[in-house]
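Colleague: Please take one part of this model and go through it closely, at a level that a first-year student can follow. Explain each term when it comes up.

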Amino acid sequence: MSNHVSDEERYKRINLVYECIKEGMSTRECAEFLTLMGCPISNVTVKDYIDRMMSLNMEKYKEMKQIMESHKPQTIQSEEVRTRVKNVVVALNAGYTFEEIAKTLGESIFTVYRDYTKRISYLTDEELGNLDITKEMLENINNSLKEKSMENLKRR
């Protein structure tokens, strides 16, 4: 079986990829969907077709890139994420659990945990100060988390 397609078929597939992305599918979801619809395609080929759209129709290409960009997870550079990190730190310092904070913020536990364990380390001392997060607060939280961890071990 040959993986080569005619230029006409490739053009049709590029437009199918466009429609999938426009509907909000990720590149992987698009590949799965098109494969299920009888048009076997890989995630890599979907990405290639997105790039090829640039030379076919710049407006559609820009639209797809904008949609895909909106699906990317936000980073610590985002003001929204910085505010959430601050809220997580304040709540942890007040004694709330990751589960309670996640429920309050409407986020997953994993996101709240990642905010504290990973994202906060990306902030400089100045950025921490701008968010009113002190080294003392972080030390208190770390000590509290260690104590809770030790208590959990003792219960077993």
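Modeller: What follows is a close look at helix 7 and its surroundings.

This is a predicted model, in which local features need pLDDT of at least 70 and side-chain atom pairs count only at pLDDT 80 or more, while totals for chains, interfaces and linings use all residues. Residues are numbered from 1 along each chain as its sequence is written, and side-chain values use heavy atoms, with hydrogens and water left out.

Helix 7 covers residues 109-117. Helices here are DSSP runs of H or I with at least four residues, numbered from the N terminus. Thr111, Val112, Asp115 and Tyr116 are the buried residues of helix 7. Buried means under 20% relative accessible area, exposed means over 50%, and partly exposed lies in between, with a 1.4 Å probe and protein chains only. Seen down the helix axis, the buried residues of helix 7 fall within an arc of 130°, so they line one face of the helix. The arc is taken over the directions from the helix axis to the C-beta atoms. As background, an α-helix has 3.6 residues a turn, so residues three or four places apart point the same way.

The buried residues of helix 7 pack against helix 5 (79-93), helix 6 and helix 9. Contact means heavy atoms within 4.5 Å. A residue of helix 5, Arg84, is part of this picture. Arg84 counts as buried because its relative accessible area is 12%. Leaving out residues up to four places away in sequence, Arg84 touches Leu105, Glu107, Thr111, Asp115 and Arg119.

Tyr116 also belongs to the largest nonpolar core, which has 20 residues; Val89, Tyr116 and Ile120 touch the most other members. Helix 5, helix 6, helix 7 and helix 9 each give two or more residues to this core, and helix 5 gives the largest share, six residues. A nonpolar core is a set of buried Ala, Val, Leu, Ile, Met, Phe, Trp, Tyr and Cys residues joined through side-chain atoms within 4.5 Å. Ile120, apart from its neighbours within four places in sequence, is in contact with Val85, Val89, Asp115, Leu128, Ile133 and Leu138.

Tyr116 appears again in the lining of the second largest pocket, together with Leu92, Tyr96, Thr97, Phe98, Glu99, Tyr113, Thr117, Leu145, Lys148 and Ser149. Helix 6 (98-105), helix 7 and helix 9 (135-155) each give two or more residues to this lining. A pocket is an open set of points on a 1 Å grid over the protein atoms alone, where a 1.4 Å probe fits and protein lies on both sides within 12 Å along at least five of seven lines; lining residues have an atom within 4 Å of a point. The second largest pocket holds about 180 Å³ of space, the volume being the space filled by probe spheres set on the points.

Thr117, another lining residue, is in helix 7. Thr117 is partly exposed because its relative accessible area is 34%. The C-alpha atoms of Thr117 and Asn142 are 10.0 Å apart, with the two positions 25 residues apart in sequence numbering.

Beyond helix 7, Ser121 sits in the loop that leads to helix 8. Ser121 has a relative accessible area of 53% and is therefore exposed. The C-alpha atoms of Ser121 and Ile76 are separated by 9.8 Å, although the two residues are 45 residues apart along the chain.
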